[in-house]
Amino acid sequence: MEYGIRGKAVLVTGAGSGIGRACALAFAREGARVVVSDIVPAGGEGTVRMIQEIPGEAVFVQADVTKAREVESLVSKTVEAYGRLDCAVNNAGIEGAIGPIEEFPEEDWDRVIAVDLKGVWLCMKYEVRQMARQGAGAIVNTASVGGVIGAPYVSAYIGAKHGVNGITKSVALECAAKGIRVNSVCPMVIETPMIKGWPKEVIRKFLDQTPIGRIGRPEEVAQVVLWLCSEAASLVTGTAVLVDGGVTAM
């Protein structure tokens with residue numbers, strides 16, 4: 001399938017591993033020029049090297065998405081590098097603590113909300129400013145299947161991801177007349193570094209609840225993100241696309 005991405009300037013946050021890295025690589029393989037951003041330099045620089053081996057074009061910009069100045073600078077550096085910003089994938093996120101609400105640390109709540117929700121909001125704030133000047137753009141936010149259903153003991157994560165889907169719809173409505181499309185993806189459990197520390201029984205429970213019967217791969221999410229940013233999805237905005245192996249169909 002031809003996505004029409006070649007030559008476009010793409011920004012991916014949380015691109016040092018997992019879904020973010022898979023997205024950055026997918027865009028690069030389609031000929032996009034990619035700004036790889038992550039708070040951890042080693043991971044982000046590793047992704048850049050992988051893109052260069054394709055071969056593709058990429059630069060790394062370190063940024064903490066919870067800090068407005070760093071996010072504003074990230075968008076500015078993207079424009080400095082490539083002259084514009086066509087597509088943005090706001091993927092940076094953390095899982096946070098796991099535990100009952102009566103024992104859940106307030107500081108952990110604050111951290112998860114700051115990264116997973118405020119971080120997406122800040123990224124869109126500065127991305128939309130740039131895309132509005134251009135008269136076009138596409139944004140995809142990484143939410144989660146936990147952004148449309150509930151799960152016990154992860155109240156901060158579930159709250160943040162529901163919030164991501166909410167602000168995605170709100171900003172999509174604000175930007176529809178500006179030529180900017182805004183959507184989110186809602187993956188199931190994906191084989192990323194985030195789940196490596198999970199107990200086997202927890203993973204087994206998720207698999208038992210997944211009709212497709214396996215954990216998802218980052219590349220499978222990346223293909224959906226790529227489509228959402230392409231002209232093939234030109235009529236799609238304000239939508240939360242489920243990439244969940246059938247979990248929410250049950």
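**Figure 1. In this predicted model, β1, α1 and β2 form a right-handed β-α-β unit.** The two strands of the unit, β1 and β2, run parallel and are joined by four bridges. To find your way along this pair, look for A9, which stands opposite R33 in β2. Which side chains of β1 share a direction? A9 and L11 point one way, V10 and V12 point the other way, and all are buried. That pattern fits a general rule: in a regular strand, side chains alternate between the two faces of the sheet.

**Figure 2. The open sheet has seven strands with parallel pairing, in the order β3-β2-β1-β4-β5-β6-β7.** Which strands stand at the edges? They are β3 (57-62) and β7; each has a single partner strand, so one side of each is left without a neighbour in the sheet. From one strand to the next, the twist averages 20°.

**Figure 3. Here we zoom in on two strand pairs, β2 with β3 and β1 with β4.** β2 and β3 run parallel and are joined by six bridges; in this pair, V36 stands opposite F60 in β3. β1 and β4 also pair in the parallel sense, over three bridges. Here V12 is the residue to look for, as it stands opposite V89 in β4.

**Figure 4. The largest nonpolar core holds 37 residues.** Those touching the most other members are V12, F27, V34, V36, I51, V185 and V225. Elements that give two or more residues to this core include the strands β1 (9-12), β2 (33-38), β4 (87-90), β5 (137-142) and β7 (240-243), together with the helices α1 (18-29), α2 (41-52) and α7 (218-229). Which element gives the most? That is α1, with eight residues. Apart from this core lies another, of 31 residues, with A92, V120, M124 and I139 among them. As a general tendency, nonpolar side chains in soluble globular proteins are buried together.

**Figure 5. V225 is shown with the residues it touches.** Leaving aside residues up to four places away in sequence, V225 touches C23, F27, V89, V140 and V185. Of these, F27 and V185 are listed with V225 itself among the residues that touch the most other members of the largest nonpolar core.

**Figure 6. N183 sits in strand β6 (residues 180-187).** Is N183 buried or exposed? Its relative accessible area is 1%, so N183 is buried. The N183 side chain reaches the backbone nitrogen of T237 at 3.5 Å. Beyond four places away in sequence, N183 touches I139, V140, N141, T168, L228, V236, T237, G238 and T239. For the wider setting, follow helix α5 (residues 155-175), which lies across β5, β6 and β7 and runs at about 160° to β6.

**Figure 7. Two loops deserve a friendly second look for their backbone geometry, at P55 and at Y153.** P55 is found in the loop between α2 and β3, and the peptide bond from I54 to P55 is cis, with omega near 5°. Y153 belongs to the loop between β5 and α5. What is the phi of Y153? The value is positive, about 75°, although Y153 is not a glycine. For context, most residues other than glycine have a negative phi, and most peptide bonds are trans.

Methods: Residues are numbered from 1 along each chain as its sequence is written. This is a predicted model: local features need pLDDT of at least 70, side-chain atom pairs count only at pLDDT 80 or more; totals for chains, interfaces and linings use all residues. Side-chain values use heavy atoms; hydrogens and water are left out. Buried means under 20% relative accessible area, exposed over 50%, partly exposed in between (1.4 Å probe, protein chains only). A polar contact is a pair of N or O atoms within 3.5 Å; within protein, one must be able to donate a hydrogen and the other to accept it, and residues adjacent in sequence count only if both atoms are side-chain atoms. Contact means heavy atoms within 4.5 Å. A nonpolar core is a set of buried Ala, Val, Leu, Ile, Met, Phe, Trp, Tyr and Cys residues joined through side-chain atoms within 4.5 Å. Two strands pair if DSSP finds at least two bridges between them. Axes are lines fitted to C-alpha atoms, for helices over the stretch in contact, and angles run from 0 to 180 degrees between N-to-C directions. A crossover is right-handed if, with the strands pointing away from the viewer, the path from the first strand over the helix to the second runs clockwise.
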